[in-house]
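Here is a short briefing on the cavities of one protein. Look at the sequence and the model first, then read on.

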Amino acid sequence: MPVEPIPCAPGGGTGTPGDCACAPSIASAPLCRADGSTVLVVLRSGCVDCSATPGDPEAIGWVDPLTGAFTAGPVPPDAGPCSMGCSCSPSIATTPMCRADGSTVLVVVRSDCVDCDTAAPDPVVVGWIDPATGVFTPGVPPADAGACEPDCVTTVCRQRCDDTDGDGEANTTYSELWCIRADGSAELLLTYQDDPATPYTPVAPVDCTYGCPETETLQLCDDSGPFLRRYTWLNGVASFEDFALDGQTAHIVQGTVGVCAQNDDADCLDTVCRQRCDDTDGDGQADTTYSELWCIAADGAASLLLTYQDDPASPYTPVAPVDCEYGSEATQALTLCDDSGPFLRRYSWLAGSASFEDVELDGATPHIVQGAVGLCPAAPACEEQTTPAATLGLCLADGTPIAVLVTRDCDGQVTQDGWLNLTTGAYSVGDPPAGTMACGNPRSITTAGTFCDIDPDTGDVYGLVLIEYTYGPDGEVAAVRLVDATTGQTYVPQGQVTTCPVGVEQPERDLVQLCDTAPDGAVTPFVRDYARDENGAITGHSDYTLDGAPYAPTGTVGQCADQCQDCQSIVLCDTVGGDPVAIAGPAASGTLSNGVGYAVTAPSPFAPNRQSDGAAWWDVPVFPNPVVPVTRWTFDQPVNVDFSVALMWSTATTPGTNQVQVPPGAMLLSLPAGYSYNRTTGILSVDNTLTACTLNQPTRATSARFRLVGVTTFTLQYLGNRVVNAPCQRLGHWEFGAVDVSLGGQFLRTVCRDCTGVITTTTDTLLDGETPYTPLGLVGVCSTSDGGDTPGEPVERDTEVVQLCDQVDDADPVPFLRALTYPAGGGTPTVTDTTLDGITPYTVTGTVGLCSPHQECQAQTLLQECRCDDSDGDGLPDTDYVELLGVDCTGTLTSLGTYLPDLSAPYAPVAPLSCEEPAEGADPAFGVQARRLELAAGGDPWDAAAFPTLQSVTAVAFGGTGTVTTTDGTSTLHAGEAVTWSVGRDADAALTGPLLITADTGTVTVTWTQGVTLS
């Protein structure tokens, strides 16, 4: 038959197309020669006028496939059909391999000839072909040739319909995201409804009554320019046809297919396909759909190119366009770029006219176009490595904490972008202010050494002076003040302030707080500053109010009565009835059944993405929150929180992948296999053993579990980037959730008594000693880890430790500690006296009483607290020890050391953690397992009785028939026939028999699902 001509130049097939057409050379199937080698015959049709009928092809030469050499003329006379005595494998070209410059090559492999009864040898590479020129080069492929990137040229979103109630009619819609590659193949990436982060599994896909096109058209480019590729889906499989831009003329691909490059001279920067609905019978309701292909120009204008239904080659004229009941987007957004970078252009259609607005990538901030608008260039390979990171631990000169923001570029170089004031949230570009230092060493005010105010004539010293410097938040000196070294007041120089002469030193002074009691009983506290000479003798004193102003007593001066007090702090437990309550449901905020109000932000309100294991879970948020946010839970009162982090291994290589930052103070409750937790950094990680999809139905039992006590807020953050999770058909590799909230727990009660033993103040705080706390339930002493009590519940025992003094005649009183241990139910306490170390026994020799208030108060009370240690690193407490805490006159706690439980020796803890036992695991989870089996003709049958938790069964016959036996009897499964049985609702227990399937004359495949218990 004639070979269809391709336009080219006359005379040789090259140059500018002219008045003749030359057919390409075509190689036939191999022919065999007498020596066993093969040749390929090359055929070609001669050049004819473009309007003439092409001629029949003729043999113009032959190719030796071993060397690739072409020989003009007839084929060798001994070449003919290959005989059965030898079997030669033809040369085979592989799929394209890509080179560094973007071009492709085809590798040619061949097997040598062998006898028919001998196994063929492995194929070997004999050369490669440049598909652009057709030139064959013998030898190994180019060194830079490798596998082509399987990236998508573009993506197509298809709307589908689903029958969820089994009535055979569509009652909901969902979307399919398809990857379109340069070779024309299409692969399904995601199936979802409103949120691509939430996968959707269709129940029974059906044809949409209307509103669901089965075709989609994309504009692509090859070496000849732009063309249209129309995809058609049938039973989930995509096929395509290529057309010219008129949508009718068939297009033959030339060269490499890809996304069209930006062309400032072209009319269309991009095209948008919109689905519309039409009322053809005049009842006011949509009864059919059609598509509109719009041209998007660089200036933002949109013009209608085509109106069609299934085939763009067949124009469609709508009768009465109406709003679609479902499945029709009123707006569509495109990502474009101008000189300032990427932005969103959102198009809206109203009555067939398109308008647009430009916004930033956050979808809200208006964008002003700068320069030329075009398609965005391909993202660099290291785009994900440019995510800014914050460096913490720095403070301004006045102690304000800041975070320095840095960015790493594609070459690994780190640059500093700016800094963030963590107190106000204000961001500043550039380097932090001078004076920035590590937190913990603020210097908002400093003083220099002692100077003297000297008479420049006589040399007399008028006074001692300190120079006080006050620094601003940027580290600069904001103010300078001269201070009287003896009074602390502002000093006014009388002479010249300079270094003091030799021998002039600041006098030694003593400060003591006293009280001035007036005749009417009014008491005024003040400060008396005693001056002493070099021998320590008191030479005078000055009196001041507590704010430093001079003061003159008018009544009787003596010790203040409120100085004679004793304060004791003890850890107690507040038990509140009721079990912990889980945050569940679709809301981003609310009030739990135990009265606790909560809100979840990121930083905008963040509703949970899914419900599983009786609780809410959060992963990738929706706009306007960032795709990888800092997820924050906030409560309206102090609570105890148990929460879960579920992770799945990601192959991404960006920093922070497979890691989550856990908040400080979190106690590890459980750690499944494949997880690891660094207690120093608070980072939770997973290894590459966790590749199965477990995130779509997370549970407490299969996730890492933590506990926070006495908090009003906490945060969690995935430290990597959001990427496609192919096994789960979703975005992201993390889930946060199963947040169980309870009230009560440990708190600190500080009780102060006066000299008569009367309680003057009682203060309840969280364990930080500062945050106020209000008990809600029964208060008692907390149980220890070895006491056999339920963690967190009070027990009926009490030990109080007080500091007393032993006064023997006129000798200095000896302070010691007295521990009073009360039995359960009350009664006489057991008294134990020790020295101030809390260990060494002490024997009273004089009169016992409260220590004098003017004595140095280092430890008015000693607390003995039971602690737990994780010595083997498994995350669970395994060793008990005791910490001694001293409480001074102001109630400040100071650790005096850690010891063995019997106080016989010191103990150095390895990894202190809570003594509370981990929570018991969650109830087992249930799932559905997929199974499949091929039955050979005459083989054993498949029997449903072997699967008691059967959910669905599908049998298909191939190449013959089969037999199906049910409660209705025996019937024939015809060739090509498929039958299915399944439960109607999730509440149905199982699919029951009898059901027996047998293959008779062909192969029968049996596909079924059965309920299983997840471990």
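A cavity here is a set of grid points where a 1.4 Å probe fits but cannot get out. Its volume is the space filled by probe spheres set on those points. The model is predicted. A search of the whole structure finds 2 cavities of 30 Å³ or more.

**Largest cavity**

- The volume of the largest cavity is about 70 Å³.
- Its lining counts 10 residues, and M667, L668, L669, S914 and E916 are the closest to the centre.
- Strand β49, residues 667-670, gives the most to this lining, with 3 residues.
- By class, the lining of the largest cavity holds 6 nonpolar, 2 polar and 2 charged residues.

**Second largest cavity**

- The second largest cavity has a volume of about 40 Å³.
- Which residues line the second largest cavity? They are P638, V639, N640, V709, G710, G744, Q746, L766 and Y773.
- Two strands, β47 (630-647) and β52 (704-718), each supply at least two residues of this lining.
- Strand β47 has the largest share of the lining, 3 residues.
- The lining of the second largest cavity has 5 nonpolar and 4 polar residues, and no charged ones.

**Side by side**

- For volume, the figures are about 70 Å³ for the largest cavity and about 40 Å³ for the second largest.
- For charge, the lining of the largest cavity includes 2 charged residues, whereas that of the second largest has none.
- For strands, β49 gives the most to the lining of the largest cavity, and β47 has the largest share in the second largest.

Methods. Residues are numbered from 1 along each chain as its sequence is written. This is a predicted model: local features need pLDDT of at least 70, side-chain atom pairs count only at pLDDT 80 or more; totals for chains, interfaces and linings use all residues. Side-chain values use heavy atoms; hydrogens and water are left out. On a 1 Å grid over the protein atoms alone, a cavity is a set of points where a 1.4 Å probe fits but cannot get out, and a pocket is an open set with protein on both sides within 12 Å along at least five of seven lines; lining residues have an atom within 4 Å of a point. Helices (H or I, at least four residues) and strands (E, at least two) are DSSP runs, numbered from the N terminus. Ala, Val, Leu, Ile, Met, Phe, Trp, Tyr, Cys and Pro count as nonpolar, Asp, Glu, Lys and Arg as charged, and the others, Gly among them, as polar.
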